[in-house]
Amino acid sequence: RRLSGDDGNFEIFELKAEECEFTGAKRKARLVQNPITDLKSVLSRIAKLLARIHSPDFCHGATSGRSYRSNALAHVDAKSVATFDLQEFFPSTTSKQVFRFFHEDLQ
């Protein structure tokens, strides 16, 4: 219950924009929300439990052993491919959506 509120659960800081000296790849500046130790432990436990769930073959993002490369390989012979970017995906996810996922989908 102590961790269920939002106040003080995260150390928030900005990672500055950077350019890789070897590849020249640029990384935009972004905000990081680093959970406090107690919350980090809870989130780690949830991640371990979720890792037990088999991901369907079409899932590539945030799936162990899969990446944007495995996703691209799955579409090599496709007649067409559509791409899109969900801006602010995590900040736009509501607590009701998270609750519904655990309560209804995962039961």
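Colleague: What makes a run of residues a helix or a strand here?

Modeller: DSSP runs decide that. A helix is H or I over at least four residues, and a strand is E over at least two. This is a predicted model. From the N terminus on, its elements run β-β-β-β-α-α-α. That makes 3 helices and 4 strands.

Colleague: Why is the protein called more spread out than a compact globule?

Modeller: The globule rule gives 13 Å for 107 residues. The radius of gyration is 18 Å, well over that value, so the protein is more spread out than a compact globule. The C-alpha trace spans about 50 × 40 × 25 Å along its principal axes.

Colleague: How many of the residues are buried?

Modeller: Buried means under 20% relative accessible area. Such residues make up 7% of the 107 in the protein. The protein exposes about 10300 Å², and carbon and sulfur atoms supply 55% of that area.

Colleague: What makes glutamate 18 and arginine 27 a salt bridge?

Modeller: The cut-off is 4 Å between a side-chain nitrogen of Lys or Arg and a carboxyl oxygen of Asp or Glu. Glutamate 18 and arginine 27 meet at 3.2 Å, N to O. That is within 4 Å, so the pair counts.

Colleague: Which other pair passes, and at what distance?

Modeller: Arginine 100 with aspartate 105, whose closest N and O atoms are 3.1 Å apart. The count comes to 2 salt bridges.

Colleague: Why are these four side chains called partly exposed, rather than buried or exposed?

Modeller: Partly exposed lies between the buried limit of 20% and the exposed limit of 50%. Glutamate 18 has 48% relative accessibility, so it is partly exposed. Arginine 27 is at 36%, and so falls in that class. Arginine 100 stands at 37%, and aspartate 105 at 45%. Both therefore count as partly exposed.

Colleague: What makes valine 42 eligible for a nonpolar patch?

Modeller: A patch residue needs over 30% relative accessible area and no salt bridge. Valine 42 has 39%, so it clears the area cut-off. Salt bridges involve Lys or Arg with Asp or Glu, so a valine takes no part in one. Valine 42 is found in helix 1.

Colleague: Which residues make the patch, and which elements supply them?

Modeller: Val42, Leu43, Ile46, Leu50, Ile53, Val98, Phe101, Phe102 and Leu106 make a nonpolar surface patch of about 650 Å². Helix 1 (37-50) and helix 3 (95-105) each give two or more residues. Helix 1 gives the most, with 4 residues.

Conventions
Residues are numbered from 1 along each chain as its sequence is written. This is a predicted model: local features need pLDDT of at least 70, side-chain atom pairs count only at pLDDT 80 or more; totals for chains, interfaces and linings use all residues. Side-chain values use heavy atoms; hydrogens and water are left out. Patches are made of residues with over 30% relative accessible area and no salt bridge: like charges are joined within 9 Å, nonpolar side chains (Val, Leu, Ile, Met, Phe, Trp, Tyr) within 5 Å. Accessible areas come from the Shrake-Rupley method with a 1.4 Å probe; for residues, only the protein chains shown count as cover. Buried means under 20% relative accessible area, exposed over 50%, partly exposed in between (1.4 Å probe, protein chains only). The radius of gyration is taken over C-alpha atoms; the globule rule is 2.2 Å times the number of residues to the power 0.38.
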